[in-house]
Amino acid sequence: MRKLCIPLAVAGMLAMSTSVRADDGEVRQETQTRHYRLVLMIGPTEAVYTAAQARLERPSSGEIMLGGRVAGNIADVMPEAGGAPRVATRSTPDLHHLELHIYSRATGKTVPEAHVTIAVVDSDRTNHPVPVARMYAIDEGPDDLHFGNNINLPPGHYTIETAINGERARFAVMMPEGS
Ligand SMILES: [Cu+2]
């Protein structure tokens, strides 16, 4: 999840290097299945880079995508203008970054590989499958590995349905106005 890094000059004045969580409208929920502990986070849109882009551009924030694809909307993939594989998305107020962190209940460790499905069910009970990408935040490193995407979530109530290697879990979330 994105952290708002305090610019170096400011950090210098504060005499400490720190970062704060973006909490504008962020959703954080936790649940368990038989084998996994799941943490769902929804926050501001993230710039997402492929590993090749990251090697070239050396971004200091955003996320590295290891697999899958990045979408801008629930229902459709939204490549950047020009069709290049750049996956940072257009920003709209309703565009959020949804990420599902999966931990083994046996070891407590991040689960880096799993068959994961995520769907957003809106108040009309329409089921929108989310294209699942594997990624991690550049400033947090591979331990941050999670599954998710940038998706369009206007204010409202949603059920997020997930399955991890066949183990199902659902989250009821509310996206507030102005988030
Ligand atoms: Cu992510």
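This passage walks through the predicted model of the protein, from its overall make-up to the pairing of its strands.

As a starting point, the protein has 179 residues, and 31% of these count as buried. Its secondary structure consists of 2 helices and 13 strands. Looking at contacts between residues at least 6 apart in sequence, 59% join residues at least 24 apart.

A word on confidence helps before turning to the details. Across the protein the mean pLDDT is 78, with 72% of the residues reaching 70 or more. Confidence is highest in strand 12, at 96, and lowest in strand 2, residues 19-21, where the mean is 34. Residues 2-24 form a stretch in which pLDDT stays under 50, and the model gives this stretch 26 contacts beyond four places in sequence. A second stretch, residues 72-89, also has pLDDT below 50, with 37 contacts in the model beyond near neighbours in sequence. A newcomer may wish to keep both stretches in mind while viewing the structure.

Strand 12 also takes part in an open sheet of 4 strands, whose order is 9-8-12-13 and whose pairing is antiparallel. At the edges lie strand 9 (127-130) and strand 13 (167-175), each of which pairs on one side only. On average, and with direction ignored, neighbouring strands of this sheet are turned by 25° against each other. Within the sheet, strand 12 (residues 156-164) runs antiparallel to strand 13, and 9 bridges join the two. Here glycine 156 can be found opposite methionine 175 of strand 13. In general, the strands of a sheet pair through backbone hydrogen bonds, in either a parallel or an antiparallel arrangement.

Strand 7 offers another good place to explore. This strand spans residues 95-104 and is mostly covered, with 7 of its 10 residues buried. One of its partners is strand 4 (residues 36-44), and the two pair in the antiparallel sense over 9 bridges. Along this pairing, leucine 40 stands across from leucine 100 in strand 7. Strand 7 is also joined to strand 11 (residues 146-152), again running antiparallel, by 6 bridges. In that pairing, leucine 98 has asparagine 149 of strand 11 opposite. As a general guide for following such strands by eye, side chains in a regular strand alternate between the two faces of the sheet.

Definitions and conventions. Residues are numbered from 1 along each chain as its sequence is written. This is a predicted model: local features need pLDDT of at least 70, side-chain atom pairs count only at pLDDT 80 or more; totals for chains, interfaces and linings use all residues. Two strands pair if DSSP finds at least two bridges between them. Axes are lines fitted to C-alpha atoms, for helices over the stretch in contact, and angles run from 0 to 180 degrees between N-to-C directions. pLDDT is the predictor's confidence in each residue, from 0 to 100. Two residues are in contact if their C-beta atoms, placed from the backbone, lie within 7 Å. A residue is buried if 20 or more other C-beta atoms lie within 10 Å of its own, exposed if 12 or fewer, and partly exposed in between; C-beta atoms are placed from the backbone.
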